[in-house]
Amino acid sequence: MDQTTQGTQMQEILGLRWPPVAIAFRTAAPPNVPRIETAAPAGCGYWRLAAEGKVFYTEAADHSTCPVGAHTHGIDLPPETAEELNAIVQMMVGLQYIKMEEIPTIPRRQGAFGVAVYAPLADAPFDPDVVLVRGTVKQLMLLAEAAQAAGVDGGGATMGRPTCAVLPEAMQSGQTATSFGCIGNRVYTGLGDDEGYYAIPGSKVADVMAKLTVILGANRQLEIFHRGRLGTPA
């Protein structure tokens, strides 16, 4: 199953409002892929642009407006941005939002940063390092069950802040990762109160898709079974 089919079928089977987004980190941009024209206020804002159908890449400077995102993406921050990140961290600590000892445990992409490339999975002219799915709790449940059946489910605790850390977590573990989303992400992407994210390593998408239809069918039959026990119509 090629990427176009994977992206199209995943969206159709699950009834996703937004298409799955392909993200890759490369030393240079693929041919004929343009650089983003205007830097987003936060790195996760690029996820929404890709979900809206745009294909583009970003450079390190395009992430300078989001020190936290730059950190999780493995971007070496210039001194002034590093100071801003420290100020943000200190504010979060002061609000008792995080503890200082949590900082080193936040997943961070390893290796030099060249460019990050974004596209809807169905239109991606590159092999993704990670595929990000935005959906409701039920939609993500079905994905998680398919990943578990495929043997690629991360199985760890659902992640929260910062949401962008779900990318390096999935890439470096080689397994899926789930995020409830953080308040910053919800502001910058318009993530709904009933939505979250599921990150799948690019190399494991085919494995998950191979199980998704089976899991969906099983859930339909189990819903009929459980509703029958409860005496409610399916």
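These legends describe close-up views of a predicted model.

**View 1. A salt bridge between D129 and R26.**
The side chains of D129 and R26 meet in a salt bridge, with N to O at 3.2 Å. This pair links distant parts of the chain, its two residues being 103 residues apart. D129 sits in the loop between β3 (115-120) and β4 (130-136), while R26 belongs to strand β1 (residues 21-26). D129 is partly exposed, with a relative accessible area of 24%. R26 is also partly exposed, and its relative accessible area is 29%. Side chains of opposite charge can pair when their charged atoms come close. The structure holds 7 salt bridges.

**View 2. Salt bridges of E52 with R48 and K54.**
R48 forms a salt bridge with E52, and the closest N and O atoms are 3.2 Å apart. The side chain of E52 also meets that of K54 in a salt bridge, at 3.8 Å from N to O. R48 counts as partly exposed, at 27% relative accessibility. E52 is partly exposed at 42%, and K54 is partly exposed at 41%. Elsewhere, salt bridges that share partners join R35, E59 and D62 into one network.

**View 3. The buried residues of helix α6.**
Helix α6 covers residues 166-173, and its buried residues are V166, L167, P168 and A170. Several elements cover these buried residues, including strands β1, β4, β5 (177-179) and β6 (195-201). The cover also includes helices α2 (45-51) and α3 (67-72). An α-helix has 3.6 residues a turn, so residues three or four places apart point the same way. After α6 comes G174, whose phi is positive, near 75 degrees.

**View 4. T176 in the loop between α6 and β5.**
T176 is placed in the loop between α6 and β5. T176 counts as buried because its relative accessibility is 5%, and buried means under 20%. The side chain of T176 makes a polar contact with the side chain of D153, at 3.3 Å. The T176 side chain also reaches the backbone nitrogen of G154, at 3.1 Å. Leaving aside neighbours within four places in sequence, T176 is in contact with A147, V152, D153, G154, Y198, A199, I200 and P201.

**View 5. T189 in helix α7.**
T189 lies in helix α7, which spans residues 183-189. T189 is buried, with a relative accessible area of 1%. A polar atom of the T189 side chain lies 3.3 Å from the backbone nitrogen of L191. Leaving aside its neighbours within four places in sequence, T189 is in contact with C44, G45, R48, R134 and Y197. R48, one of these contacts, also forms the salt bridge with E52 shown in View 2. T105 is not on that list of contacts; the C-alpha atoms of T189 and T105 are separated by 25 Å. Along the chain, T189 and T105 are 84 residues apart.

**View 6. A nonpolar surface patch with I183, V187 and Y188.**
I183, V187 and Y188 make a nonpolar surface patch of about 340 Å². I183 lies in helix α7, as does the T189 of View 5. I183 is exposed, with a relative accessible area of 59%, whereas T189 is buried at 1%.

Technical notes:
Residues numbered from 1 in each chain as written. Predicted model: local features only at pLDDT ≥ 70, side-chain atom pairs only at ≥ 80, totals over all residues. Heavy atoms only, no water. Salt bridge = Lys/Arg side-chain N within 4 Å of Asp/Glu carboxyl O. Helix = DSSP H or I, 4+ residues; strand = E, 2+ residues; numbered from the N terminus. Buried < 20%, exposed > 50% of the residue type's maximum accessible area, 1.4 Å probe, protein only. Contact = heavy atoms within 4.5 Å. Polar contact = N/O pair within 3.5 Å; in protein donor to acceptor, adjacent residues only side chain to side chain. Patch = residues over 30% accessible without salt bridge, like charges linked within 9 Å, V, L, I, M, F, W, Y side chains within 5 Å. Areas by Shrake-Rupley, 256 points an atom, 1.4 Å probe, with all protein chains shown as cover.
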